[in-house]
Amino acid sequence: DINVKHIDEPFHIKEMPLGNNVYVLDNYLEESLFHSVNTLMTHCAWQKTNQVNGTPNDGRGGLPNHQLWGCCFFTGVDKIDNTDVVPNYLIKHLDKRLQTDFGFEWVRFQYAGGNSQTHGQHGTYHSDCNENDEWNLSFLYYPNTFWNPHWGGKLRFYSKQVYSGILEDMDEYEIGTVDFVPNRLLMFDGRIPHGAEAPHESARY
């Protein structure tokens, strides 16, 4: 099982990998910055391109496992800006802040972007990095300014990767969850298979 650890403030990382620990920090950003990030998200150039690809051996012939609404801010070690629609100064500031708050410096950088799911649009199992990549960090931040707990949308962690996308399979291999809460930051080992539940239909959009 995963070990969900609620922390009161950031800490400098002393040991890698993080193991099965999932660190949860509520009220991460001060209110003005929190609302600025939320505003940025509402002005993104959203596209249905946040895709998790399958492999030739997963029984689906390499077809995508899911495709969600996404916006990519920057990618790669040079953090190449992927949009000229919305300046990414704010996201780059948050990236620097994470490195300062948690006491690390990226050697390789994969991706900074936004995800958006509507009801019925479950995220399937996936990992953020290769199984051999022990020195890795994944961060998730929830920029919504309001969220009704009954709307769901929790992040689910799994003991293995199963690509069926069938909810019953997801239930069988689930080893822990973290609720969707506004202004919440998560940090964990990106090799742990995970996926985000779609919000309940009562959440609308």
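**Close-up views of a predicted model**

**View 1. An open sheet of four strands.** In this predicted model, four strands form an open sheet in the order 1-2-10-7, and their pairing is mixed. Strand 1 (3-7) and strand 7 (138-141) stand at the edges. Each has a single partner strand, so one side of each lacks a neighbour in the sheet. On average, neighbouring strands of this sheet are turned by 20 degrees against each other, direction ignored.

**View 2. Strand 7 beside strand 10.** Strand 10 covers residues 185-188 and runs antiparallel to strand 7. Four bridges join the two strands. Which residue of strand 10 stands opposite Tyr-141? That residue is Leu-185.

**View 3. Helix 2 and the residue after it.** Helix 2 spans residues 89-102, 14 residues in total. At 1.5 Å a residue, the helix should span 20 Å; its end C-alpha atoms lie 20 Å apart, so the two values agree. Leu-90, Ile-91, Leu-94, Asp-95, Arg-97, Leu-98, Gln-99 and Phe-102 are the buried residues of helix 2. An α-helix has 3.6 residues a turn, so residues three or four places apart point the same way. Gly-103 follows helix 2. The phi of Gly-103 is positive, near 65 degrees.

**View 4. The second largest pocket.** This pocket holds about 230 Å³ of space. Its lining comprises 13 residues. Nearest the centre of the pocket lie Glu-131, Tyr-158, Arg-191, Ile-192 and Pro-193. How do the residues of the lining divide into nonpolar, polar and charged? Five are nonpolar, five are polar and three are charged.

Technical notes
Residues numbered from 1 in each chain as written. Predicted model: local features only at pLDDT ≥ 70, side-chain atom pairs only at ≥ 80, totals over all residues. Heavy atoms only, no water. Pairing = 2+ DSSP bridges. Axes fitted to C-alpha atoms, helices over the stretch in contact; angles between N-to-C directions. 1 Å grid on protein atoms, 1.4 Å probe; cavity = no way out; pocket = protein on both sides within 12 Å on 5 of 7 lines; lining within 4 Å. Points joined across faces, edges and corners; volume = space filled by probe spheres on them. Nonpolar A, V, L, I, M, F, W, Y, C, P; charged D, E, K, R; others polar. Expected span 1.5 Å × (residues − 1). Buried < 20%, exposed > 50% of the residue type's maximum accessible area, 1.4 Å probe, protein only.
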